[in-house]
Amino acid sequence: MDPVVFQQLAAGLAIGIGAVGSAIGEGYIAGKALEAIGRNPEASDKITPLMFVTMAIAESTAIYALVISLIILFG
Amino acid sequence: MDISLAPNILTNIYGFPITNTFVWTIFLSLVLVGFFGVMRLFWSVVPGRAQSVVELLIGGGFSFVESVIGDYEKAKKAFPLVMTFFIFILLANLFTFMPGQGAISIKTEGGSVSLFRAVMSDYGMVFALTMITVITVQVIAIIVNGPLGYLGKFINFKSPLSFILGVMDIIVEFAKILSLSFRLFGNIFAGEVLGGVMLFLMPFVVPTAFLFLGVLSAVIQAFVFSVLTLVFISQASEKIN
């Protein structure tokens, strides 16, 4: 087969498999944060920025996978 | 669509390539220096409207830094670096949403090239910022623990386990470079690519949602980069026992 096909397949697989873990992690973080806000609504101002920061850190593995797949495609 | 990982070269001056992200960086630096220089000139005891905003930003940033690092003297030393990172990255990310800047392009030998490009989508720029963080952290750790004390964290022969942990610590120090730089670069570059793809697929309405997502990630990534710098500095400023 054409090498370009494998290149595109590799890029798709890289981001597709790589996104699974951080998607689960981010969902877990959002769920826990909402649970905490539901339990103590006054603390939502403190919880929301922390939630975004931890989400951004959990997202980073997916971003690594995305960088790899972009390098495969355009590098 | 023409998507390239490397920034586009506008012109060469004595063999030194001038890229579009370089032009953008110089422009943003001038904006920042000019703005704060003018603020400094008109600084008064009774703050005006603009001065109140700046004071709120700087004061809030300082109290946040102090709450993370837990010590007033340390916070005074770490604050300028962390706040500069935050303001510079935030401005660089937000200026990419300025309407019309993507439309200005100039003709070069390699075809027409856009004059501006998101600064943080140039891996060289992000890598330089990351190296500033990493080198600062190493220098602080060496000053706090002394050269031999710091070396003892990585190489010790007390037991096989502590030797392996020391080797792992060396890997962790190098992994910091990759994780810190890829996070910022990947988010901004992926945001640009996503915006391009969405404009290509559906030119109306739909890209707006992704623009909103882009603004959110622009602010959060600036915050995350500077907070991680702060956390690394506060870790390094504590003595190894």
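Which residue's side chain meets B:Glu173 in a salt bridge at 3.4 Å, N to O? Hold on to that one for a moment, and I'll get there by way of the whole chain. One thing up front: what you see here is a predicted model.

Okay, chain B to start with. Chain B has seven helices and four strands. If you walk along the sequence, the order goes β-β-α-α-α-β-β-α-α-α-α. Put a box around the C-alpha atoms of chain B, along the principal axes, and that box is roughly 65 × 55 × 45 Å. There are 241 residues in chain B, and 38% of them are buried. Now look at contacts in chain B between residues at least 6 apart in sequence: 69% of those join residues at least 24 apart.

Back to my opening question. The answer is B:Lys176, whose side chain forms that salt bridge with B:Glu173. Find helix α6 of chain B on the screen, and you'll see that both residues sit in it, three residues apart, which is about one turn of the helix. How buried is B:Lys176? Its relative accessible area is 13%, and the cut-off for buried is under 20%, so B:Lys176 counts as buried. B:Glu173 comes out at 12%, so B:Glu173 is buried as well.

B:Glu173 has another partner, too. B:Lys153 forms a salt bridge with B:Glu173, and here the closest N and O atoms are 3.9 Å apart. This pair links distant parts of the chain, with B:Lys153 in helix α5 and B:Glu173 in helix α6, 20 residues apart. B:Lys153 is partly exposed, at 27% relative accessible area. Put the two bridges together, and B:Lys153, B:Glu173 and B:Lys176 form one network through shared partners. And what else does B:Glu173 touch? Leaving out neighbours within four places in sequence, its contacts are B:Gln138, B:Tyr150, B:Lys153 and B:Phe154.

How many salt bridges are there over all chains? Three. You've met two of them, the one to B:Lys176 and the one to B:Lys153. Over in chain A, A:Lys32 bridges to A:Glu35, with the closest N and O atoms 3.9 Å apart. Those two are three residues apart in helix α1 (residues 3-39) of chain A, so about one helical turn separates them. A:Lys32 is partly exposed, with a relative accessible area of 42%, and A:Glu35 is partly exposed at 42% too.

Next, the inside. The largest nonpolar core has 52 residues. Those with the most contacts inside it are B:Ile89, B:Val119, B:Met120, B:Leu129, B:Leu184 and B:Phe225. Several helices of chain B give two or more residues to this core, among them α3, α4 (123-145) and α7, and α2 (44-74) of chain A does so too. Which element gives the most? That's α3 of chain B, with 13 residues. If you want one residue to zoom in on, try B:Phe225. Apart from neighbours within four places in sequence, B:Phe225 is in contact with B:Phe85, B:Ile89, B:Leu129, B:Thr130, B:Thr133, B:Leu180 and B:Leu184.

Here's another phenylalanine, B:Phe97. B:Phe97 lies in the loop between α3 (72-94) and β3 (105-108) of chain B, and it is partly exposed, at 29% relative accessible area. B:Phe97 and B:Val215 are 118 residues apart in sequence, yet 7.8 Å apart in space, C-alpha to C-alpha. Beyond residues up to four places away in sequence, B:Phe97 touches B:Leu211, B:Gly214, B:Val215 and B:Ala218.

Last stop: where the two chains meet. The size of an interface is often given as the accessible area lost when the parts come together. Between chain B and chain A that area is about 1,400 Å², and carbon and sulfur atoms give 83% of it. On the chain B side, B:Leu5, B:Phe182 and B:Arg183 lose the most area to chain A, together 34% of what that side buries. The contact takes 17 residues from chain B and 14 residues from chain A.

How many salt bridges run between chain B and chain A? Zero. Across that interface there are two residue pairs in polar contact. Two elements of chain B give two or more residues to the side touching chain A, namely α6 (160-201) and α7 (206-236). Of these, α6 gives the most, with nine residues. By class, that side of chain B has twelve nonpolar, four polar and one charged residues.

Technical notes: Residues numbered from 1 in each chain as written. Chains lettered and ligands numbered in written order. Predicted model: local features only at pLDDT ≥ 70, side-chain atom pairs only at ≥ 80, totals over all residues. Heavy atoms only, no water. Contact = heavy atoms within 4.5 Å. Buried area = accessible area lost by both parts, 1.4 Å probe. Salt bridge = Lys/Arg side-chain N within 4 Å of Asp/Glu carboxyl O. Polar contact = N/O pair within 3.5 Å; in protein donor to acceptor, adjacent residues only side chain to side chain. Nonpolar A, V, L, I, M, F, W, Y, C, P; charged D, E, K, R; others polar. Buried < 20%, exposed > 50% of the residue type's maximum accessible area, 1.4 Å probe, protein only. Core = buried A, V, L, I, M, F, W, Y, C linked by side-chain atoms within 4.5 Å.
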